[in-house]
Amino acid sequence: MNEPILRLVNIESSYGPVRAIRGVSLEVARGAIVTVLGTNGAGKSTILKTISGILDPDKGQVFFEGQLINGKPANWIVRQGISHVPEGREIFPLLTVHEHLLMGAYTRMDADVVKRDIERMYAYFPILKARRDQEAQQLSGGEQQMLAIARALMARPKLLLLDEPSLGLSPKLVKEIFEIIVRINAEEGTTMLLVEQNAAIALACAQFGYVLEVGRIVLEDTSERLLQKEDVREFFLGMKSDAVRGERRWKRKKQWR
Ligand code: ATP
């Protein structure tokens, strides 16, 4: 079997005294889209921050292409091929769309190819081309999300970490953005680790998923099988079968597997 591009082994990460994730182990196959589902505060963003070097884990290992990367500086991790689209997008209000894309390529020396990559981003996201010289503060939420994704892709990552790209967007825009994510995965071969509360859209485009509850992974399976699990359907998709309608509640962790 091919070695996964990313492997987390028994990760624990904290904010001061607050332990946010514990015993998290997961794998992402090269070229795949893998999702981590979980409700507010489950620890999804913490997983991504630990991978991209924003947070140092207290315990455990993060391997990228077989190399141990935890404890390394975030800019070194970007250079290894991991880009992070954070929750909240972290757009600079006064910089133009074009300046954001140039900024995304800051680790690169190949100016000509950078130019071509910017045009490729404009082809994926035509609205960004139309807004090329506008300040980012003039963009809508959906356009800002597109800009954050395009900026991250300008580093030519092998692995893209996406933190809730659906947050605050209309269903139509969510669909549009996810269609582009799937296209980029297929056409560029970029591996994606996607954390989401919107399980329906995440499982529709990912091949494999993990469910995180209060900092621990409680379930992992192919998206197809997760979509068939009653707990996932009921809790994340709001779909109740006849058998569960009425009295069943969210099952606790030990009942998941
Ligand atoms: P959300 O979808 O709301 O962002 P999440 O699943 O991404 O949720 P995290 O942001 O990873 O969850 O947070 C996990 C836990 O860590 C939560 O209990 C949260 O309150 C806590 N936490 C997150 N960031 C900080 C911080 N900077 N300082 C202290 N605690 C934090």
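Two strands count as paired if DSSP finds at least two bridges between them, a cut-off needed for the first exercise on this predicted model.

**Exercise 1.** Determine how E4 and E5 are joined and what marks the turn between them.

*Solution.* Begin with the bridges: 2 of them join E4 to E5, and the two strands run antiparallel. One contact to locate in the structure is that of Phe 64, whose bridge partner in E5 is Gln 67. Then turn to the connection, where 2 residues lie between the strands and complete a hairpin, with Glu 65 in the turn having a positive phi of about 50°.

**Exercise 2.** Place E4 in its sheet, and state which strands stand at the edges.

*Solution.* On the other pairing of E4, strand E1 (residues 6-15) meets strand E4 (residues 59-64) in the antiparallel sense over 5 bridges; among the partners, Leu 8 is bridged to Val 62 of E4, and Glu 12 to Lys 59. The full order of the open, antiparallel sheet of 4 strands is E2-E1-E4-E5. Strand E2 (18-28) and strand E5 (67-68) each have a single partner strand, so they stand at the edges with one side left without a neighbour in the sheet. Finally, helix H1 (residues 44-51) lies across E1, E2 and E4, running at about 110° to E1.

**Exercise 3.** Find which residues of H3 are buried, and what they pack against.

*Solution.* In helix H3 (residues 97-104), the buried residues are Val 97, His 98, His 100, Leu 101 and Gly 104. Because they cover an arc of only 160° around the axis, they lie on the same side of H3. Their packing partners are helix H4 (111-124), helix H5 (126-130) and helix H6 (141-153).

Methods. Residues are numbered from 1 along each chain as its sequence is written. This is a predicted model: local features need pLDDT of at least 70, side-chain atom pairs count only at pLDDT 80 or more; totals for chains, interfaces and linings use all residues. Side-chain values use heavy atoms; hydrogens and water are left out. Buried means under 20% relative accessible area, exposed over 50%, partly exposed in between (1.4 Å probe, protein chains only). The arc is that of the directions from the helix axis to the C-beta atoms. Contact means heavy atoms within 4.5 Å. Axes are lines fitted to C-alpha atoms, for helices over the stretch in contact, and angles run from 0 to 180 degrees between N-to-C directions.
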